[in-house]
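Here is my note on the model you sent over. Have it open beside you and click through the residues as you read.

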Amino acid sequence: MSKFVVFEGIDGSGKGTIIKEAKKFLLEKGIQEEQIVVTAEPTNGFYGKKVRELLKTNVNPNVNSQQFLDLYVADRKEHLEKILQPALKNNKIILCDRYKYSTFVYQSLQGIPIEKIKKLHEGMLVPDLIFILDVSPTISLKRISRRQQLEAFEQQDFLEKVREGFLASKETFPDENIKIVDASKEISEVKKEVCEKLWETLKD
Ligand code: TYD
C-alpha cells in the first residue's frame with residue numbers, strides 16, 4: 001500500500017513539525033519505520049543545493065525567475081527518479097515537504113506564465129494526498145525570524161500572495177486530492193486533523 005503524501009504551505013507554516021507528528025502517528029499505528037520515507041524539496045542534491053545558494057544570495061523575489069524555475073524543476077526530476085519513484089515501487093509511504101504546487105505558486109508569482117509551468121510538469125507523478133497548511137504571513141514570519149535570516153521569498157507582501165496562490169490550488173488542480181488545513185490552530189489540533197485524513201487515505 002504505497003502512498004505519496006505532500007505537505008505545502010508558505011514559509012514558516014509548520015510543515016516540518018507536522019510531518020514529524022504525522023510520522024510519529026504512523027509509527028503508533030504500527031507501521032514499520034522502514035516503510036516511511038520523509039523527504040523534502042528543494043532536496044540536498046546537486047540542483048537543490050544550487051537553489052539554496054540562490055535563495056540566500058539573492059533576497060529580491062522579483063529577479064532570477066527563470067533560473068529559479070529551471071533549478072526547482074531539475075531538482076524535482078532528480079527527486080522523482082532517485083527517491084520518490086523507487087520508494088513507491090517498494091511500497092513505502094512518502095511524506096514529502098513541498099512538491100510541484102510550490103513551483104506553481106512561487107514561480108508564477110515571480111512572473112513565469114502558468115502554461116509554461118504546466119508544460120514542464122506534464123505526466124509528472126500526482127500525489128495521493130496533498131495538505132496545504134494555511135497560515136497568515138504575520139504568524140509564519142514570527143516563527144521564521146526566531147530561527148534564521150530571511151531568504152528570497154520570506155517577505156510579508158510576497159508571502160501574502162503566496163498564501164492566496166496556495167488557497168487557489170484546488171482550482172488549478174481540480175482533479176487532485178487537496179486538503180486545506182487551518183494551521184494557525186494549536187499544533188495538537190492541526191496534527192489531529194492531518195492524521196485523521198492521512199489515515200483515511202492510507203486505508204483506501
Ligand atoms: P523551504 O521549504 O523553505 O526550505 P527550507 O525550510 O529547508 O529552507 O524552501 C525554500 C524556498 O524555496 C521557499 O521559500 C519556497 C521556495 N520554493 C519555490 O519557490 N519553488 C519550489 O518549487 C519549491 C520546492 C520551493
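The points below go from the sheet to the ligand and then to a few single residues.

1. Before anything else: this is a predicted model. Please keep that in mind for every distance and percentage in this note.

2. Start with the sheet. It is open and has 5 strands, paired in parallel, and if you walk across it you meet them in the order β2-β3-β1-β4-β5. The two at the edges are β2 (36-40) and β5 (178-182), each of which pairs on one side only. From one strand to the next, the twist averages 20°.

3. Now zoom in on one pair of strands. Strand β4 covers residues 129-134 and pairs with β5 in the parallel sense, over 5 bridges. To find your place there, look for Phe131, which stands opposite Lys179 in β5.

4. Next, a helix on the sheet. Which strands does helix α1 lie across? Helix α1 (residues 15-28) lies across β1 (3-9), β2, β3 (93-97) and β4. Its direction makes an angle of about 165° with β3.

5. On to the ligand. There are 14 residues around it, and the ones that come nearest are Asp11, Tyr72, Arg98, Thr103 and Gln107. Have a look at the atoms involved. In the side chain of Asp11, an N or O atom sits 2.6 Å from an oxygen atom of the ligand. Tyr72 also has a polar side-chain atom 2.6 Å from a ligand oxygen. With Gln107, the partner is a nitrogen atom of the ligand, and a polar side-chain atom lies 2.8 Å from it. How much of the ligand's area does the protein bury? Taken alone, the ligand exposes 550 Å², and the protein buries 86% of that.

6. Let's turn to helix α3 (residues 65-89), where you will find Leu71. Is Leu71 buried or exposed? Its relative accessibility is 11%, so Leu71 counts as buried, given that the cut-off for buried is under 20%. Leaving out residues up to four places away in sequence, Leu71 touches Tyr47, Lys50, Val51 and Leu54. Take Tyr47 from that list: Tyr47 and Leu71 are 24 residues apart along the chain, yet their C-alpha atoms are separated by 5.6 Å.

7. Arg76 is in helix α3 as well. You might wonder about an arginine here: Arg76 has 2% relative accessibility and therefore counts as buried. What does its side chain reach? The side chain of Arg76 reaches the backbone oxygen of Tyr99, at 3.3 Å. Apart from neighbours within four places in sequence, the contacts of Arg76 are Glu41, Tyr99, Lys100, Thr103, His121 and Met124. You have already met Thr103, as one of the residues that come nearest to the ligand.

8. For a contrast, go to Glu33, in the loop between α1 and β2. Glu33 has 45% relative accessibility, so it counts as partly exposed. Setting aside neighbours within four places in sequence, Glu33 is in contact with Lys23 and Leu27. With Lys23 there is a polar contact: the two side chains are joined at 2.8 Å. You can also check Glu33 against Lys92, which is 59 residues away along the chain; the C-alpha atoms of the two are separated by 9.9 Å.

9. Ser169 belongs to helix α8 (residues 169-172). Buried or partly exposed? Ser169 counts as buried, because its relative accessibility is 2%. Its contacts, not counting neighbours within four places in sequence, are Val105, Ile132 and Ile178.

10. Last one: Arg143, in helix α6 (residues 137-147). Arg143 has a relative accessible area of 25%, so it is partly exposed. Not counting residues up to four places away in sequence, Arg143 touches Gly12, Ser13, Gly14, Val135 and Ala183. With Gly12, a polar atom of the Arg143 side chain lies 2.9 Å from the backbone oxygen. Leu27, which you saw in contact with Glu33, is 116 residues from Arg143 along the chain, and the C-alpha atoms of Arg143 and Leu27 are separated by 27 Å.

Methods:
Residues are numbered from 1 along each chain as its sequence is written. This is a predicted model: local features need pLDDT of at least 70, side-chain atom pairs count only at pLDDT 80 or more; totals for chains, interfaces and linings use all residues. Side-chain values use heavy atoms; hydrogens and water are left out. Two strands pair if DSSP finds at least two bridges between them. Helices (H or I, at least four residues) and strands (E, at least two) are DSSP runs, numbered from the N terminus. Axes are lines fitted to C-alpha atoms, for helices over the stretch in contact, and angles run from 0 to 180 degrees between N-to-C directions. Contact means heavy atoms within 4.5 Å. A residue is near a molecule or strand if one of its heavy atoms lies within 4 Å of it. A polar contact is a pair of N or O atoms within 3.5 Å; within protein, one must be able to donate a hydrogen and the other to accept it, and residues adjacent in sequence count only if both atoms are side-chain atoms. Accessible areas come from the Shrake-Rupley method with a 1.4 Å probe; for residues, only the protein chains shown count as cover. Buried means under 20% relative accessible area, exposed over 50%, partly exposed in between (1.4 Å probe, protein chains only).
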